[in-house]
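Subject: Structure handover

Hi,

Here is the structure I promised to pass on. Please open it next to this email, and my notes follow below.

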Amino acid sequence: MEKHDALKIDIKSLTLQELQEAFRAEGLPAFRSKQVYQWLHRGAVSFDDMSNISKELRSSLNKKYYISVASIEKKRVSMYDNTVKYLFRLHDGQYVESVLMEYHHGYSICISTQAGCKMGCTFCATGQGGWFRDLTPSEMLAQIQAAQQDSGHRVSNIVLMGMGEPLDNYENVLRFLELVSSDEGMNIGARHISLSTCGLVDKIYDLADKKLQVTLSVSLHAPNDQIRSRTMPVNRKWNVEALLKACRYYAETTHRRISFEYAMIRGVNDTDACAQELAQKLKGMLCHVNLIPVNDVTGAHYHKSTRERLQRFSHILEEKGIPVTVRRTLGADIEASCGQLRGKHQKEAGQTIEK
Ligand code: SAH
Ligand code: SF4
């Protein structure tokens with residue numbers, strides 16, 4: 001793939017209004033900017049795709065702007081369900097993953113927001129690999145567009161739950177939300193978007209005040225600081241109490257139910273006492289708990305809790321009035337967990353990624 005000229009502007013990260021202003025400054029009519037915007041958001045990968053734009057304008061756009069694309073480097077289709085996992089290559093050779101899932105209500109895509117992650121959670125393949133760079137809003141869009149084009153399916157729901165911590169790339173994620181929900185763009189509204197975070201408390205307050213109606217997923221994974229600080233370094237900055245206070249604020253401000261992710265690790269966070277402590281701390285909050293058997297991907301020797309443990313844990317929460325589901329794992333055979341395919345690809349290719 002062509003490397004971007006560093007001086008060129010990332011056109012797909014501009015809002016329609018910004019594009020209109022740029023075109024106006026060049027003496028171009030407003031309807032042209034709308035046409036170009038629509039092409040970009042329908043997934044055009046080159047200015048030459050824009051058949052209703054003159055050759056002359058296409059060539060001048062090409063001198064000033066670039067269109068970011070995500071190229072399929074690898075793809076895996078699950079034999080159990082129709083889950084497809086993509087490994088995308090970005091213009092500078094960074095790899096990110098996305099997972100396309102079929103649900104009864106349509107197609108949902110899980111996309112990455114960063115190449116790597118700074119947060120260092122001990123159970124997470126991405127976290128253990130470190131951080132490389134933030135993704136631009138256009139690179140988040142490009143993952144959806146490439147998956148739609150490859151599969152022939154239109155995506156109706158988006159989860160920001162792939163590689164990276166979305167709230168650590170906050171401005172770009174906010175801009176992505178604005179672009180993807182725009183009428184002339186993909187028109188996928190905030191109610192159809194979930195954002196998953198390990199708990200950057202300052203940004204949770206900020207997001208709540210924006211009243212965007214995005215579903216907040218919080219990777220809690222432990223009921224107290226003693227356990228959480230061991231597996232999630234972010235807890236040393238914002239502890240469980242501070243995090244849950246921010247979650248209550250988010251739920252009360254947006255009237256949206258918080259979804260708590262809880263990866264069950266045998267002997268670490270899956271005891272009856274953990275379930276009771278969790279239930280007590282979530283009491284009265286508009287929320288839901290997703291229990292997920294942990295995937296041992298980091299060599300930390302974490303083991304999945306047994307089925308009986310998951311059921312017992314879920315039963316305790318239910319008894320105390322906390323809504324809970326044991327999450328169905330999609331694409332269990334294709335390493336659909338965050339960061340797994342990229343890690344494997346690097347090993348197979350014998351490459352080391354330089355930071
Ligand atoms: N950084 C964000 C979103 C990306 S991680 C966050 O942490 O929420 C996506 C989800 O995968 C998170 O809930 C994370 O805790 C979970 N996860 C990461 N590694 C996992 C593993 N080995 N087993 C189960 N869940 C895992
Ligand atoms: Fe980053 Fe999320 Fe992985 Fe933690 S779980 S290291 S926050 S991607």
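Which residue places a backbone N or O atom 2.9 Å from a nitrogen atom of ligand 1? That residue is G164. Before the rest, one caution: this is a predicted model.

**The ligand site**

Two other polar pairs involve oxygen atoms of ligand 1. S219 brings a polar side-chain atom to 2.6 Å from an oxygen atom of the ligand. At T197, a polar backbone atom is 3.4 Å from an oxygen atom of ligand 1. On its own, ligand 1 has 530 Å² of accessible area, and the protein covers 93% of that. Two elements give two or more residues each to the shell around the ligand: β10 and β12 (258-264). The ligand has 16 residues around it. Those that come nearest are F123, S196, S219, H221 and N295. S219 therefore appears twice in these notes, as a nearest residue and as a polar partner through its side chain.**The sheet**

Ten strands form an open sheet with mixed pairing. Their order is β3-β4-β5-β6-β9-β10-β11-β12-β13-β14. At the edges are β3 (71-77) and β14 (324-326), each paired on one side only. From one strand to the next, the twist averages 20°. Helix α6 (residues 170-180) packs on this sheet. The helix touches β9 (155-160) and β10 (193-197), and its direction makes about 175° with that of β9.

Now look at the β14 edge. Strand β13 (residues 287-293) runs parallel to β14, and three bridges join the two. Within this pair, N290 stands opposite T325 of β14.

**Confidence**

The chain has a mean pLDDT of 91. Of its residues, 91% reach 70 or more. Residues 347-355 are a weak spot, with pLDDT below 50. In the model, this stretch has eleven contacts beyond near neighbours in sequence. Where pLDDT is low, the predicted coordinates should not be read in detail.

Best wishes

How values were computed
Residues numbered from 1 in each chain as written. Chains lettered and ligands numbered in written order. Predicted model: local features only at pLDDT ≥ 70, side-chain atom pairs only at ≥ 80, totals over all residues. Heavy atoms only, no water. Pairing = 2+ DSSP bridges. Helix = DSSP H or I, 4+ residues; strand = E, 2+ residues; numbered from the N terminus. Axes fitted to C-alpha atoms, helices over the stretch in contact; angles between N-to-C directions. Contact = heavy atoms within 4.5 Å. pLDDT = per-residue confidence, 0-100. Near = heavy atom within 4 Å. Polar contact = N/O pair within 3.5 Å; in protein donor to acceptor, adjacent residues only side chain to side chain. Areas by Shrake-Rupley, 256 points an atom, 1.4 Å probe, with all protein chains shown as cover.
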